[in-house]
Amino acid sequence: MDPARIAEGFPAPSYRGAQEQALADVREAFEAGNDVVLVRAPTGSGKSLLARAVAGCARRPGEAEPHEAVGAYYTTPQVSQLDDVASDPLLEDLSVIRGKSNYDCILPGETNTPVDRAPCARERGFDCPVEHRCPYFSDRAIASNRNVAAMTLAYFMQTAGSDVFGRRDVVVIDEAHGLAEWAEMYATIDLSPTTVPVWEDCEPPAVGGLTDAAGYAERLRATCQRRQQELRGKVELTPGEAADRDRLAELVRDLGWFLEDLRDLDSRTTWVVDQPDGAGGGITIKPMDPARYLHHTVWDRGNRFALLSATILNKAAFCRSSGLDPSNVALVDVPHTFPVENRPLYDVTQGKMTYEHREETLPKVARTLVRIMAAHPDEKGLVHAHSYAIADRLADLLSDFGVGARVRSHDRENRDAALEGWKRSAGSDVFLAVKMEEALDLKGDLCRWQVLCKAPYPNTRDSRVARRLEDGQWAWYYRTALRTVIQGCGRVVRAPDDYGATYLADSSLLDLFERARTDMPDWFAEQVDRTTTPDLPAFDPGAAVAEVGGEVSGRGEPSGTGGSGGGSRSRPLAGRSRAGSRSGSHSGSSGGSTDYEDHPLSDVWGE
């Protein structure tokens with residue numbers, strides 16, 4: 001790596017904000033001998049451009065011995081962010097590769113078949129006549145030979161040990177704040193009738209702990225290997241059999257990893273096991289702080305690393321959870337260049353949104369939301385509902401209040417389509433969103449205000465969360481929630497001249513700000529300290545939908561012509577200052593009905 005090339009690698013014609021100083025600081029950190037540099041860069045810093053500049057420092061083929069690593073990887077956990085990279089003309093030299101399921105076969109009669117189910121994946125010895133033109137293998141060949149290969153973090157981890165994507169000189173990971181959690185999710189082994197093709201041949205007994213889990217894992221692995229041999233003996237597989245073969249290979253690998261790690265006396269990984277339905281029911285085997293797993297899938301893949309995020313809140317805690325030596329890690333802070341008055345926080349708290357208080361608080365939140373809608377009659381809004389249960393209840397209450405014509409929502413199946421439809425709409429619709437605090441760019445009139453309905457504490461019913469709290473890791477609990485809040489606050493203000501208001505509806509948010517104060521970036525602490533109570537209009541559903549025209553439609557559908565997104569716009573509301581921060585009682589648990597599949601990272605593995 002040659003850090004002196006960092007300015008040369010910056011792809012834009014000029015710097016904006018604090019980019020030039022940020023690159024100078026990153027260069028200095030690498031030149032000081034650090035192998036890992038954490039870049040804490042807030043929304044609008046242009047992290048992908050900074051990432052490209054760091055990747056440009058990688059050693060090139062002509063500068064290396066045959067055995068030395070060259071080139072760079074750029075990874076991001078979110079599929080949508082990889083799409084943004086692929087469409088950015090400033091990043092056109094990043095060669096993007098996706099998982100096989102994202103590409104269609106080009107053989108006649110197979111054009112609707114994903115490459116991972118194409119004849120080459122189903123038939124033994126298949127000689128593809130168009131392999132040189134196959135979209136997947138073509139992209140893979142190009143990415144493997146270009147200086148910078150761009151991929152999702154999931155694909156990057158999956159290719160650990162690959163001959164095609166081996167070790168490179170530099171690895172850049174964007175949105176790296178949840179690296180340990182992503183590794184935990186990726187290393188989790190979910191065993192159920194829908195995930196285990198040989199379930200009927202090897203149903204589990206009652207699993208009371210790790211010893212029972214290890215015994216069952218041994219038997220299941222052997223059963224999977226026998227079925228693998230049967231499938232390998234066939235000349236041609238059906239698409240379903242090909243899917244089973246691939247899944248069996250994953251299970252054999254994952255179960256083998258679990259058993260090996262469990263028996264390694266030097267491993268720092270702690271495993272927990274869930275079987276909520278008892279004997280015969282599904283089992284989930286989950287790792288905690290899988291540092292060893294990260295070494296195999298991430299740290300062994302490069303010589304130098306740059307990890308970028310707005311919310312790497314605590315260097316020591318991040319290093320501890322990710323298996324890094326803090327003495328070999330530098331932290332570079334990039335200042336926020338957006339005026340704080342353009343990103344106000346408003347206190348409209350109506351009580352706690354914990355499970356035991358939600359029935360009382362949620363109707364108050366809905367009434368307040370009607371008042372906020374009236375304060376922004378011609379502007380789009382986003383409501384971070386935290387869970388589908390909250391979103392559905394809010395939708396029902398808002399419909400009962402008579403403002404449903406301005407409200408859109410989504411479910412797990414139509415999530416992306418509903419979001420894109422709302423973003424494209426020209427009206428002033430309000431979108432009830434679940435787990436969209438990250439990787440969402442709502443610049444300008446796409447959204448001018450948002451509401452945080454609930455403090456996003458981790459689900460205490462998750463065995464890993466419960467185990468950490470049993471061990472007294474409350475700082476981690478608050479830090480995790482704060483990270484999500486900061487990410488959410490960054491959705492609606494995307495440039496120095498952009499502006500948008502964030503309303504806080506759950507009183508537990510104010511408590512969170514106090515408890516996690518020491519982990520707040522200075523720029524967000526300034527935002528919190530300026531929190532005010534807004535002067536909202538009185539509750540008047542008619543005023544909240546005054547701009548909505550056309551035909552009233554059902555939930556999740558366009559509501560007609562609506563108000564003009566390009567009409568008059570209101571700056572953030574004036575309000576009554578709330579000096580300093582407010583204290584609140586300690587809830588101790590997020591409660592709630594959020595399912596495990598509603599985890600904020602559930603869309604990460606989108607391949």
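So, Phe431: with a relative accessible area of 0%, this residue is buried. Before I go on, remember that we're looking at a predicted model. Phe431 has a ring partner, Trp422, and the two are stacked, with 5.2 Å from centre to centre and 15 degrees between the planes. And Trp422? Also 0% relative accessibility, so it counts as buried.

Let me stay with aromatics for a minute. The count for this model comes to 20 aromatic pairs. One of them is Phe401 with Phe539: the ring centres sit 5.4 Å apart and the planes are at 80 degrees, so this pair is edge-to-face. What I like here is where the two residues come from. Phe401 belongs to the loop between α13 and β13, while Phe539 belongs to the loop between β17 and α19, so to speak two distant parts of the chain, 138 residues apart. Are these two buried or exposed? Neither, really: Phe401 is partly exposed at 22% relative accessible area, and Phe539 is partly exposed at 29%. There's also a cluster, where ring pairs link Tyr73, Tyr155, Phe156 and Phe165.

Okay, on to the sheet. Picture three strands in an open sheet, in the order β6-β8-β7, with antiparallel pairing. The edges are β6, residues 189-191, and β7, residues 270-274, each of which pairs on one side only. On average, neighbouring strands here are turned by 15 degrees against each other, ignoring direction. For anyone new to this, strands of a sheet pair through backbone hydrogen bonds, either parallel or antiparallel.

Now, β8. How many bridges join it to β7? Five, and the two strands run antiparallel. If you want to find the register on screen, Val273 has Ile285 in β8 as its bridge partner, and Asp274 is partnered with Thr284 in β8. Over on the β6 side, the pairing with β8 is antiparallel too, over three bridges. There, look for Leu191, which stands opposite Ile283 of β8.

How enclosed is β8? Six of its six residues are buried, so the strand is largely enclosed by the rest of the structure. Side chains in a regular strand alternate between the two faces of the sheet. In β8 both faces are covered: Ile283, Ile285 and Pro287 are buried on one side, and Thr284, Lys286 and Met288 are buried on the other.

What lies across these strands? Helix α9, residues 239-263, lies across β6, β7 and β8, and runs at about 120 degrees to β6. Helix α15, residues 463-470, packs on the sheet as well, touching β7 and β8, with its direction at about 45 degrees to that of β8.

That helix takes us to the next part, the helix contacts. Two packed helices are described by the angle between their axes and the distance between the axes. The axes of α15 and α16 come within 8 Å and cross at roughly 135 degrees, which makes α15 oblique to α16. The residues that meet are Val465, Arg468 and Leu469 from α15 and Trp474, Trp476 and Tyr477 from α16. By class, that's five nonpolar, no polar and one charged.

Then α16, residues 474-489, has another contact, with α18, residues 522-529: these axes come within 12 Å and cross at roughly 80 degrees. So α16 and α18 are roughly perpendicular to each other. On the α16 side we have Leu482, Val485, Ile486 and Cys489, and they meet Trp523, Phe524 and Gln527 of α18. This contact has six nonpolar residues, one polar and no charged ones.

And which residues of α18 are buried? Trp523, Phe524, Ala525, Gln527 and Val528. The cover over them includes β11, α16 and α17.

Last stop, Arg408. You'll find this arginine in strand β13, and at a relative accessible area of 5% Arg408 is buried. To connect Arg408 back to the sheet, take Val273: the C-alpha atoms of the two residues are separated by 38 Å, and along the chain they are 135 residues apart.

Note on methods. Residues are numbered from 1 along each chain as its sequence is written. This is a predicted model: local features need pLDDT of at least 70, side-chain atom pairs count only at pLDDT 80 or more; totals for chains, interfaces and linings use all residues. Side-chain values use heavy atoms; hydrogens and water are left out. Two strands pair if DSSP finds at least two bridges between them. Helices (H or I, at least four residues) and strands (E, at least two) are DSSP runs, numbered from the N terminus. Axes are lines fitted to C-alpha atoms, for helices over the stretch in contact, and angles run from 0 to 180 degrees between N-to-C directions. Contact means heavy atoms within 4.5 Å. Angles under 35 degrees count as roughly parallel, over 145 as roughly antiparallel, 65 to 115 as roughly perpendicular and the rest as oblique. Ala, Val, Leu, Ile, Met, Phe, Trp, Tyr, Cys and Pro count as nonpolar, Asp, Glu, Lys and Arg as charged, and the others, Gly among them, as polar. Rings of Phe, Tyr and Trp (its six-membered ring) pair if their centres lie within 6.5 Å; planes under 30 degrees apart count as stacked, over 60 as edge-to-face and the rest as tilted. Buried means under 20% relative accessible area, exposed over 50%, partly exposed in between (1.4 Å probe, protein chains only).
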